Each structure stands twice: as C-alpha cells, then as structure tokens.
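Open the model in your viewer and show the backbone. This tour stops at a few residues with unusual backbone geometry.

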Amino acid sequence: MDHDSTLQQQLSLLLQTQQQDLPWLQRICRQLAQQGRWSLLLALVQSKNWAEPQRSFAATVQVSALRRLGQHDAAIQLLQQMIQQGQSQDWHLLGLLQKEAGASDAARNSLRQTIAQNPASGASWWLLSDLNPNWTAAELATLRQQAASATTAEQQAFFYYSLHRALHMQQDYAGAFSALSQGAAAKKRALNYRLQPELAEFSRIPQQFSADLLQRQPPQPELGRECIFICGLPRSGTTLTEQILSAHSQVTAGDELYELARASEMVLNQRQLQLPFPDWANRLQDPDWQQLGQHYLNLTKPLQLKGLFTDKMPLNFKALGLIHKALPGAKLIWCRRDPLDTIWGCYRQLFDQGIGFSYDLDELYQYQQASDALMRYWQQQLGDKLLTLDYEQLVQDPHAQIHRLLAFCGLEAEAGCFEFHLNARAVHTLSNQQVRQPLHQEGIKSWQPYAPYLQQLLAKFNP
C-alpha cells in the first residue's frame, strides 16, 4: 500500500469520531505532533471547513505542520493571511519561517515588528541577532536594558546571547565575552542538566556494542541503503554537509529526525525492555535489529521519493552501532572540526534543551573528549563504512572533498552540490544563515579574538 493510501485510511479512522469539538481536535493534534506524524496532522486540519473555534486553532496547527514538512512558502502565505485578517499577531513565528526559508530582509522586518510590540520578547531578539542587522543605537540601548531587567534565567539567556552577538559585530570582544558568560550562566541555571550521567553513557556504549556484536553478518546487508546519516558534535559542519548533499537531484534533506528513537522505542516496547540506551543492545537478536530498521524505513517513507535521504541528527554519533546493526546498508558520515573551534562554536550558541553540556567551557571540553574517544572506537570497528569529513579540509579544498563525499554516497557529481549556498530548501537548524553563504575560512580559529579570556581552556589542549 502506498503512502497516500495509508494516510487516507488513517485520516478516515480519525474522522469517524462523532464529537469533533475543540478539545477533541486539540487532543488529537497534540498526540500527532508528539508522534511526529506531520503529514497526517496536516491532512486532518485541512480535511474540512471547520467552524469556530476549531477553525482558528486548525489554521494555527496548519502553519506548524507545513513548517515541519518543509513547506515554508505555504506556511508563510497562510500566516500572513491570518495576520492581515486579525486572526493572529504572531510576527515572531512569521520571522522564524522567513529566516528558515532564507528571506532574511523579510525576517528582520517581522522580528523588528515583534520587538516593537513587545521589547521583552527575548526569543525575537535572539533570532534577529543571527541575521546580522545593522543595530541602531536605540536598539542596543533597549537590548542592554532588557538584559539587565530580565527576571527569569531563560529570558536573561536570550538577551545576553543577543547582546554578545551585537558587541561581537562591533569588535568589542571584552564586552562580548562578558555578555556571553552571563548568558551561558543563565541558561545553565535554567536547565536541569548533569554531565556525569552522559559521560557514563559514553563509557557503556563500546561495552554494549562490542566488536563481536558489530562484526556479526546481518541477514539483510542492503537494508537501509536509502539512508545517509550525518552526525557529529553541534557546530561541526553537519548542516553544511546536508546542504551539499540535498542539492543533488537524488537526495532529500530529512533534517534532524527523531524517527530512529521512535523506531527503537517501538521494538523495545514490543520486547518489554525498559532499559536506558545503550544497555539493551545485547538483548536484541537479529530479527529485532531487522525490525527496528524496517520501522525506521516505514516512518521515513515520505523522504524516500528521490531515492536517498539524509538524517542529520548530530548526536546520532552515539548511535552509530545501533544504525550499523539495524540499517547495515546505510551510509554513515561523521563531521569533524578542530576541537577548539567546535567548543567555542557550541559555547557561543543558544541551543534548546537537548544540548545541556554547551553552557560551561569545562563541561564542553569533557564532552568533546569523550565523544572523540567514542568516535575512535567507531572508526576502529566500522572501518571504511564510516566517512570522516573534516571541516577544515572541506573549506580549504571544497572541490576534492565534495567529490569524495558524493562518491562515498554512490552519487555522480552535479553542479548544484558545488553551489550548495543557492539551495533554496528551508533549513530549520541554527546554521540556516551560514549554509546560504559560499564556503569561507572565517569559522577557522574563530576563537582567537577571545584568546585572553580562554586561557584555562587553551591550557587543556596545550598543557
């Protein structure tokens, strides 16, 4: 059965409910969003001419679903229409959509509209700061005032990170580092993150994914040949690599997918295993791994229309053994960057909840070292099945490295891959501005202006 037929059947089942009131619609939409079933969610809210109050809610959900499915032009058009008709005043979301779609000028205007209405919107200041605006003196004064008066750690983080970027552009590195330190400290207070359990997890992964387990011949060696997994620490070039590959006519960009975790959960539930990753790895048999891989392929079916698709969840570097067992035909790419540039790039970035180690330089160093040790293990075990792509080599010799990348994926060279910055796809990740520029060397040793403030970190690499 094809994807469209399955979708239509699932939609028909949902619409059999007689009482389709607002609480019902909200509950179903929340469940579908949590499951990542965006195509079905979009089909549901578009399935009928809803009456109020369902109509306004359905339109808002439709914008979110279109965004998740990469249909940004349609999402922007719908949200602009809602704003014009007075159904929404969400200029922040409009600015986010425009930023992800590469419409930088329009995004600046929308975000400034948000800030004009609500100067305390820290998230809007943060998005605007990534668009390299020509800050006015009045804007900088307001930004400083908001940073000083913010009452929650989350809001303080938004304002101080935004102020860091503004002062960095003015080459006030002392002021910029002070703002960054305050922002990182605020974000760390806002998170309930502990590094030690994650370091312990790193140490258990090679034990669970032993050499013996990894070397066993899979029943279906070609399973997963549609998949290209791109992983690495944040700020290591994963989005850039996906941008290059997705410019190819045979590759669809999947962005940061959660389907691998969902597929794992399905198998663990079926096996009634309630163990944390990676402690269940040795409990699975060949049919379990095969089923996990098939679940993943079923969940990603809409991405397979061109032949190949990318999954660029960065922290999948922890799960390379899992991918190797479940999808032995998949291509595995590790993006590697100079450790200092990686650490500094992470520290300067305000992530969501999933990157809790990035708000403390010492914790970043420990995490980077642990991830590097794990990657050495994967390289030992997986050999030439794992491609290591160095950011510095890619920047310095893009022609040779892009050819190497395409050959590894079994792809013929296409001109668009060498002009990846012209790729018009929407980019959800924090690198959505950088990947719309040609390759340049500004990201190499980007920490150097801040060297006077990084002496403790530098000493770890040069004892």
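Start in the loop between α3 (38-45) and α4 (54-68), and select P53 there. Keep in mind that this is a predicted model. Now add E52 to the selection: a cis peptide bond joins E52 and P53. Omega is about 5 degrees at this bond.

Next, go to the loop between α15 (259-271) and α16 (286-299), where P278 is found. Select F277 as well. The peptide bond running from F277 to P278 is cis. Its omega is near 5 degrees. For context, most peptide bonds are trans.

Now switch from omega to phi. Most residues other than glycine have a negative phi. The next two stops have a positive one.

Select R235. Where does R235 lie? Its place is in the loop between β1 (227-231) and α14 (238-246). R235 is not a glycine, yet its phi is positive, about 70 degrees. Turn on the surface and check this residue: buried or exposed? R235 counts as buried, because its relative accessibility is 18% and the cut-off for buried is under 20%.

Last stop: K445. Find it in the loop between α22 (415-418) and α23 (455-461). This residue, also other than glycine, has a positive phi near 55 degrees. How does K445 count by accessibility? At 42% relative accessibility, K445 counts as partly exposed, because that class lies between under 20% for buried and over 50% for exposed.

To review, put both cis bonds on screen: E52 to P53, then F277 to P278. Then label the positive phi of R235 and that of K445.

Technical notes:
Residues numbered from 1 in each chain as written. Predicted model: local features only at pLDDT ≥ 70, side-chain atom pairs only at ≥ 80, totals over all residues. Heavy atoms only, no water. Helix = DSSP H or I, 4+ residues; strand = E, 2+ residues; numbered from the N terminus. Buried < 20%, exposed > 50% of the residue type's maximum accessible area, 1.4 Å probe, protein only.
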